[in-house]
Amino acid sequence: MEHAGVSSGAAASGGLRFSKWQIVLAIAIAGASDALCAFLVFAPPVVWGIDVLTAVLLFAVLGWHWLLLPGLVMEAIPGLGVIPFWLLVVGAILLWGTARPKLR
């Protein structure tokens, strides 16, 4: 059974569930950011500003996920902006959920 675009494995294992608008909006934000930053790779301060804004928007849309922080760090490394890290991070969150420590 699929729910809001989440695979049946994630839904069955108690994974995160997102509405369709959250999924579409998160992918649109990540895709726009990656595309824009690929063209601005020679202006690192502008790219950093876009990446911080992207992280804030993704936190607002998807909620708190630890996987967004490594994405922000990877995007801050000059020259790596041509790799679509934001799309990869959003895809990982939608597919697997988030990395959370088990505190029992």
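**Exercise 1. Determine which residues of helix 5 are buried, and where they pack.**

In this predicted model, the residues of helix 5 that count as buried are F85, W86, V89, V90, A92, I93 and L94. To place them, begin with the extent of the element: helix 5 covers residues 85–96, twelve residues in total, and its span from the first C-alpha to the last is 16 Å, close to the 16 Å expected at 1.5 Å a residue. Next, consider the helical repeat: an α-helix has 3.6 residues a turn, so residues three or four places apart point the same way. The partners come next, and here the buried residues of helix 5 pack against helix 2 (20–39), helix 3 (44–62) and helix 4 (68–76). Finally, look at what follows the helix, where G97, just after helix 5, takes a positive phi of about 90°.

**Exercise 2. Decide whether L62 is buried or exposed, and list what L62 touches beyond four places away in sequence.**

Start with the location, since L62 lies in helix 3. The relative accessibility of L62 is 7%, and because buried means under 20%, L62 counts as buried. Then collect the contacts: leaving out residues up to four places away in sequence, L62 touches F18, Q22, A26, V90, I93 and L94. Of these, V90, I93 and L94 are also among the buried residues of helix 5. As a last step, take a backbone distance, for which the C-alpha atoms of L62 and I23 are separated by 8.2 Å although these residues stand 39 apart along the chain.

**Exercise 3. Classify the two aromatic pairs of the structure by geometry, and state how accessible the residues in them are.**

The structure holds two aromatic pairs. One of them joins F59 and W64, with 4.9 Å centre to centre and 5° between the planes; because planes under 30 degrees apart count as stacked, this pair is stacked. The other joins W64 and W66, with 5.0 Å centre to centre and 85° between the planes; because an angle over 60 counts as edge-to-face, the pair of W64 and W66 is edge-to-face. W64 takes part in both pairs, and F59, W64 and W66 form one aromatic cluster.

For accessibility, go through the cluster residue by residue: F59 has 22% relative accessibility and therefore counts as partly exposed, W64 is partly exposed at 46%, and W66 is partly exposed at 42%.

Conventions. Residues are numbered from 1 along each chain as its sequence is written. This is a predicted model: local features need pLDDT of at least 70, side-chain atom pairs count only at pLDDT 80 or more; totals for chains, interfaces and linings use all residues. Side-chain values use heavy atoms; hydrogens and water are left out. Rings of Phe, Tyr and Trp (its six-membered ring) pair if their centres lie within 6.5 Å; planes under 30 degrees apart count as stacked, over 60 as edge-to-face and the rest as tilted. Buried means under 20% relative accessible area, exposed over 50%, partly exposed in between (1.4 Å probe, protein chains only). Helices (H or I, at least four residues) and strands (E, at least two) are DSSP runs, numbered from the N terminus. The expected span of a helix is 1.5 Å times one less than its number of residues. Contact means heavy atoms within 4.5 Å.
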